[in-house]
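Me: Please take a close look at one part of this model. Tell me what it borders and what it packs against.

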Amino acid sequence: MTAKLRIRPATRADALAIAPLIRPEDLEEWIALAPMHQSPGILHSLIHGIDHGEAWYAEENGMPVAIGGLAEHDGIAAPWLMATPAVARHGREALRLGRSALRAWKERGLQPANVVSAKHVSAVRYIRACGYEIVRAFRVDGEPFLIFGACHV
């Protein structure tokens, strides 16, 4: 039986702990999105997300599982998530938490939106299952991306 996730507010120390353990698909997506980032590296991106909005951290038996939240900048509320391979053991709980977060953000009057790599199939599936809509597809340097958002309140 899988241990239960412990969820708490994220800290900079959590970003340091999880950064080297991020699953390859998330790293590939971050690299593909690099032209759009304001941060020079993945650790800086995680810290930016923690410092500019709300962020949470999930762990299992003291080991990092995921970090994510809602970064707010330039009038945009951008949901984000980076995970370790251990997140695969917590699919139902991750989906429950994702749906709950989206509901809470919409109840606050926010319309969260962000970009995901179309190649990150599990992330696209998760985003849709949480209740986000795929708004538009586009390419950057030949790489396919999708804009997703909470269009209906």
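Reply: Here is a close look at helix H4 and its surroundings. The model is predicted, so local features need pLDDT of at least 70, side-chain atom pairs need 80 or more, and totals for chains, interfaces and linings use all residues. Residues are numbered from 1 along each chain as its sequence is written, and side-chain values use heavy atoms, without hydrogens or water.

H4 spans residues 91–107. Helices here are DSSP runs of H or I with at least four residues, strands are E runs of at least two, and both are numbered from the N terminus.

Start with the open space. The largest pocket has a volume of about 1,400 Å³. A pocket is an open set of points on a 1 Å grid over the protein atoms alone, with protein on both sides within 12 Å along at least five of seven lines; a cavity is a set where a 1.4 Å probe fits but cannot get out; lining residues have an atom within 4 Å of a point. The volume is the space filled by probe spheres set on the points, which are joined across faces, edges and corners.

The pocket is lined by 50 residues, and the closest to its centre are Pro79, Trp80, Leu81, Asn114 and Phe148. H4 gives the largest share of this lining, nine residues. Other elements that give two or more include helix H2 (24–32), strand E4 (76–83) and helix H5 (121–130). By class, the lining has 32 nonpolar, 14 polar and four charged residues. Ala, Val, Leu, Ile, Met, Phe, Trp, Tyr, Cys and Pro count as nonpolar, Asp, Glu, Lys and Arg as charged, and the others, Gly among them, as polar.

Now the closed space. The largest cavity has a volume of about 80 Å³. Among its lining residues are Ala94, Leu97, Gly98 and Tyr126. H4 again gives the largest share, here three residues. This lining has ten nonpolar residues, one polar and no charged.

Finally, the neighbour. The axes of H4 and H5 come within 8 Å and cross at roughly 55 degrees. Axes are lines fitted to C-alpha atoms over the stretch in contact, and angles run from 0 to 180 degrees between N-to-C directions. The two helices are therefore oblique to each other: under 35 degrees is roughly parallel, over 145 roughly antiparallel, 65 to 115 roughly perpendicular, and the rest oblique. Ala94, Leu95, Gly98, Arg99 and Leu102 in H4 meet Tyr126, Ala129 and Cys130 in H5, where contact means heavy atoms within 4.5 Å. Six of these residues are nonpolar, one is polar and one is charged.
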